[in-house]
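The following exercises concern a helix, a pocket and a cavity. Each task is followed by a stepwise solution.

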Amino acid sequence: MKINNIKLFAIAILVSMTAYNCSDDDDVTVPSGPDFSGTYTQEDQMGRPAVNTVFVSSGMKDAFNTTIPSEQDAAFQSMFQTNLEGLSPAYNEPTDANALTLTSAQFTGLLATDVLNVSLDGTTTFYDGTNVLTGRALADDVITVELLLIFGGEDFSENPGLSNDNVDGNDKAFLSSFPYLASPW
């Protein structure tokens with residue numbers, strides 16, 4: 001008996017939604033373009049994936065997301081450094097450095113300004129062993145690079161269990177022309 005009532009309820013919802021969405025009103029006005037009037041505010045930043053998620057303390061997310069990048073280092077670098085040193089044993093001493101030879105203070109100073117850099121005259125990559133944060137190619141394994149720089153120590157050998165997300169490729173190949181991303185499953 002309950003199953004029949006559930007089926008009837010589902011049919012009633014489907015019929016009411018169909019009736020509500022179907023109209024013979026030909027006087028509908030279609031907007032001609034986007035409306036840019038009003039006041040816009042910045043709500044979120046994610047220039048470097050996972051950096052905001054990992055290093056910004058939960059009570060400071062809104063403040064970080066609405067701070068302009070040129071002011072982020074001064075406002076958030078010490079929080080980033082505290083969180084990095086708490087997360088990673090690769091930074092036990094103030095002089096400990098990652099594979100980029102950056103100490104925790106230097107590395108978090110770089111990370112606290114959440115922008116995606118772009119190289120106008122060189123290789124565009126998140127990290128390819130030589131070039132660092134000169135942009136981001138579609139196939140760059142950004143999360144693994146970040147894990148390596150956070151947990152891998154000076155030569156990427158420290159904390160191997162924390163230094164790789166073990167996702168080494170997409171489930172579909174990239175396209176050779178725009179929009180480059182494969183269609184969703």
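Helices (H or I, at least four residues) and strands (E, at least two) are DSSP runs, numbered from the N terminus. The model is predicted: local features need pLDDT of at least 70 and side-chain atom pairs pLDDT 80 or more, while totals for chains, interfaces and linings use all residues. Residues are numbered from 1 along each chain as its sequence is written, and side-chain values use heavy atoms, without hydrogens and water.

**Exercise 1.** Characterise the lining of the largest cavity.

Step 1. A cavity is a set of points on a 1 Å grid over the protein atoms alone where a 1.4 Å probe fits but cannot get out; lining residues have an atom within 4 Å of a point.

Step 2. The structure holds one cavity of 30 Å³ or more; about 70 Å³ of space lies in the largest cavity. Volume here is the space filled by probe spheres set on grid points joined across faces, edges and corners.

Step 3. The lining includes V51, F107, L110, E146 and L149, and α5 and α6 each supply at least two of its residues.

Step 4. By class, the lining has 10 nonpolar residues, no polar and one charged.

**Exercise 2.** Determine where α4 bends and which helices its buried residues pack against.

Step 1. Helix α4 spans residues 69–87 and bends by about 55° at F76, the angle being taken between axes fitted to the seven residues ending there and the seven starting there.

Step 2. F76 is also one of the buried residues (under 20% relative accessible area, 1.4 Å probe, protein chains only) of α4.

Step 3. The buried residues of α4 pack against α2, α3, α5 and α6 (heavy atoms within 4.5 Å).

How values were computed:
Buried < 20%, exposed > 50% of the residue type's maximum accessible area, 1.4 Å probe, protein only. 1 Å grid on protein atoms, 1.4 Å probe; cavity = no way out; pocket = protein on both sides within 12 Å on 5 of 7 lines; lining within 4 Å. Nonpolar A, V, L, I, M, F, W, Y, C, P; charged D, E, K, R; others polar.
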